[in-house]
Amino acid sequence: DDVVSQMGCLQTQDREELVNQMLRLVGTNINYNTAMFYLEMNQWNVQAAVCSYFDLETVNSSLPGMIFLKDITIGEGESIPPKTTFVKTWRVQNPGPDRWPPGCILRFSSGVQL
């Protein structure tokens, strides 16, 4: 147990410093006792404690969402001749109660780029 505990925080054994590190990383959303709780739960490993905090504390937070409504231009199954320049337009909707953040855009992320 002692070896496992020491491996969890190789930089320092000072628990006060570990709590302060976690407070700096998480910010004003956490207090001293909560930081100590997460650190104890994670054998004083700051990285694991921060990850546990965000995993457990942000479960109910809402993230921006999007649902596809329909094709506006070039419908499903329509073909375009090779080497033809075209603009593809979709209608999407925000399904949540919160507005999308400023600057939010739809961007290609993976798959075959046309």
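Guide: Let's start with a definition: a polar contact is a pair of N or O atoms within 3.5 Å. Keep in mind that what you have above is a predicted model.

Visitor: Okay, so which residue caps the N-terminal end of α4?

Guide: That would be Asn45. One of its side-chain oxygens sits 3.0 Å from the backbone nitrogen of Gln47, and the cut-off for a polar contact is 3.5 Å.

Visitor: What do I find at the start of α2, and at the start of α3?

Guide: At the start of α2, look at Asp14: a side-chain oxygen comes to within 3.1 Å of the backbone nitrogen of Glu16. For α3, go to Asn31, where a side-chain oxygen reaches to within 3.1 Å of the Asn33 backbone nitrogen. Then check what follows each helix. Gly27, just after α2, has a positive phi of about 90°, and Gln43, just after α3, has a positive phi of about 55°.

Visitor: Let me zoom out. How many helices and strands does the protein chain have?

Guide: Four helices and two strands. Along the sequence they run α-α-α-α-β-β. The chain has 114 residues, and 17% of them count as buried. Its accessible surface is about 9,300 Å², with 53% of that belonging to carbon and sulfur atoms.

Visitor: What share of the contacts comes from residues 24 or more positions apart?

Guide: Taking the contacts with a separation of 6 or more, 39% are between residues 24 or more positions apart.

Visitor: Now a single helix. What span should I expect for α4, and what does the model give?

Guide: The expected span is 1.5 Å times one less than the number of residues. Helix α4 covers residues 46-57, which is 12 residues, and reaches 16 Å from its first C-alpha to its last, close to the 16 Å expected. Helix α2 has 12 residues too. The α2 span is 17 Å, close to the 16 Å expected.

Visitor: And how do I read the faces of a helix? Why would residues point the same way?

Guide: An α-helix makes a turn every 3.6 residues, so residues three or four places apart point the same way. Now try that on α4. Its buried residues are Val46, Ala49, Val50, Ser52 and Tyr53. They span an arc of only 160° around the axis, which puts them on the same side of α4. Gln47 and Asp55, on the other side of α4, are exposed.

Visitor: What covers the buried residues of α4?

Guide: The cover includes α2 (15-26) and α3 (32-41). Ser52 gives you a close-up. This residue lies in α4 and counts as buried at 15% relative accessibility, the cut-off being under 20%. Leaving aside residues up to four places away in sequence, Ser52 touches Tyr38, Met41 and Asn42.

Visitor: Which residues are buried in α2, and which in α3?

Guide: In α2 they are Leu18, Val19, Met22 and Val26. Seen down the α2 axis, these fall within an arc of 100°, so they line one face of the helix. Their cover includes α3 and α4. In α3 you get Ala35, Tyr38 and Leu39. The arc here is only 100° around the axis, which puts them on the same side of α3. What covers them includes α2 and α4.

Visitor: Last topic: rings. How many aromatic pairs does a search of the whole structure find?

Guide: Three. Let me walk you through Phe37 and Tyr38: their ring centres are 5.2 Å apart and their planes are at 80°, so the pair is edge-to-face. The cut-off for that label is over 60 degrees. Tyr53 and Phe54 also form an edge-to-face pair, with 5.1 Å centre to centre and 75° between the planes.

Visitor: Are those residues buried or partly exposed?

Guide: Take them in turn. Phe37 is partly exposed, with a relative accessible area of 46%, while Tyr38 is buried, at 3%. Tyr53 counts as buried at 6% relative accessibility, and Phe54 counts as partly exposed at 34%.

Visitor: What do Phe37, Tyr38, Tyr53 and Phe54 form together?

Guide: The four of them form one aromatic cluster.

Definitions and conventions
Residues are numbered from 1 along each chain as its sequence is written. This is a predicted model: local features need pLDDT of at least 70, side-chain atom pairs count only at pLDDT 80 or more; totals for chains, interfaces and linings use all residues. Side-chain values use heavy atoms; hydrogens and water are left out. Buried means under 20% relative accessible area, exposed over 50%, partly exposed in between (1.4 Å probe, protein chains only). The arc is that of the directions from the helix axis to the C-beta atoms. Contact means heavy atoms within 4.5 Å. A polar contact is a pair of N or O atoms within 3.5 Å; within protein, one must be able to donate a hydrogen and the other to accept it, and residues adjacent in sequence count only if both atoms are side-chain atoms. Rings of Phe, Tyr and Trp (its six-membered ring) pair if their centres lie within 6.5 Å; planes under 30 degrees apart count as stacked, over 60 as edge-to-face and the rest as tilted. Accessible areas come from the Shrake-Rupley method with a 1.4 Å probe; for residues, only the protein chains shown count as cover.
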